[in-house]
Amino acid sequence: MTQMGSISNPYLYETLNMMIGQAIVVQTEKNIQQGKLVSVLPDHIVVEVSRAPFFIRTDEIEWVTLARSKK
């Protein structure tokens with residue numbers, strides 16, 4: 001169990017936890033990343049892009065959504 005006092009945005013944290021294992025799109029202050037959400041920690045997330053891990057600080061996330069599947 002995580003101490004909620006150390007999480008800057010508990011609603012985002014809980015939402016991201018429900019998205020683990022899914023393809024997501026993340027908008028940060030500098031760019032957009034798209035990949036599989038591998039891990040959610042109190043201060044950052046790990047998104048796998050082309051088999052490489054990208055560590056994104058939670059405070060830098062402006063929005064996140066599920067990626068659309070290709071048809």
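Here are some worked exercises on the predicted model shown above.

Residues are numbered from 1 along each chain as its sequence is written, and side-chain values use heavy atoms, with hydrogens and water left out. Because the model is predicted, local features need pLDDT of at least 70 and side-chain atom pairs count only at pLDDT 80 or more, while totals for chains, interfaces and linings use all residues.

**Exercise 1. The sheet**

Task: work out the strand order of the open sheet and find which strands stand at its edges.

Solution.
- Start with the terms: helices (H or I, at least four residues) and strands (E, at least two) are DSSP runs, numbered from the N terminus. Two strands pair if DSSP finds at least two bridges between them.
- Next, lay out the order. The open sheet has 5 strands, arranged β4-β3-β2-β1-β5 with antiparallel pairing.
- Then look at the ends. β4 (52-57) and β5 (61-66) each have a single partner strand, so one side of each is left without a neighbour in the sheet.
- Finally, add the twist, which averages 45° from one strand to the next. For this angle, axes are lines fitted to C-alpha atoms (for helices over the stretch in contact), and angles run from 0 to 180 degrees between N-to-C directions.

**Exercise 2. Pairs and hairpins**

Task: follow the chain from β1 to β4, and say how many bridges and which turn residues you meet.

Solution.
- A bit of background helps here: strands of a sheet pair through backbone hydrogen bonds, either parallel or antiparallel.
- β1 and β2 pair in the antiparallel sense over 5 bridges, and a hairpin of 3 residues joins them. Two of the bridge partners in β2 are K36 for A23 and I32 for Q27.
- Antiparallel β2 and β3 are joined by 4 bridges, with a hairpin connection of 3 residues. Here S39 stands opposite V46 of β3.
- β3 and β4 also run antiparallel, joined by 6 bridges, and V47 faces F54 of β4. Their hairpin leaves 2 residues between the strands, and S50 in the turn has a positive phi of about 50°.

**Exercise 3. The helix and the core**

Task: decide which residues of α1 are buried and which elements cover them, then find the core.

Solution.
- Fix the cut-offs: buried means under 20% relative accessible area, exposed over 50%, and partly exposed in between (1.4 Å probe, protein chains only).
- The buried residues of α1 are L12, Y13 and L16. Seen down the axis of α1, they fall within an arc of 100°, so they line one face of the helix. That arc is taken from the directions from the helix axis to the C-beta atoms.
- On the face turned away from this buried side are the exposed residues Y11 and M18.
- The cover over the buried residues includes β2, β3 and β5.
- Now the core, defined as a set of buried Ala, Val, Leu, Ile, Met, Phe, Trp, Tyr and Cys residues joined through side-chain atoms within 4.5 Å. The largest one has 14 residues, and L16, I24, V26, L37, I45, V47 and I61 have the most contacts inside it. At least two of its residues come from each of α1, β1, β2 (32-40) and β3 (44-49).

**Exercise 4. Two residues compared**

Task: find where G21 and T28 lie, whether each is buried or partly exposed, and what each touches.

Solution.
- G21 is found in the loop between α1 (10-18) and β1 (23-28). Its relative accessibility of 45% makes G21 partly exposed.
- Leaving out residues up to four places away in sequence, G21 touches K36 and L37, where contact means heavy atoms within 4.5 Å. Under the matching rule, the contacts of L37 include L16, I24 and V47.
- T28 belongs to strand β1 and, at 7% relative accessibility, counts as buried. Beyond neighbours within four places in sequence, T28 is in contact with I56, E60 and E62.

**Exercise 5. The salt bridge**

Task: find which side chains meet in a salt bridge and how exposed they are.

Solution.
- A salt bridge is a side-chain nitrogen of Lys or Arg within 4 Å of a carboxyl oxygen of Asp or Glu.
- The structure holds 1, formed by R57 and E60 at 3.6 Å, N to O.
- R57 is partly exposed at 48% relative accessible area, and E60 is partly exposed at 29%.
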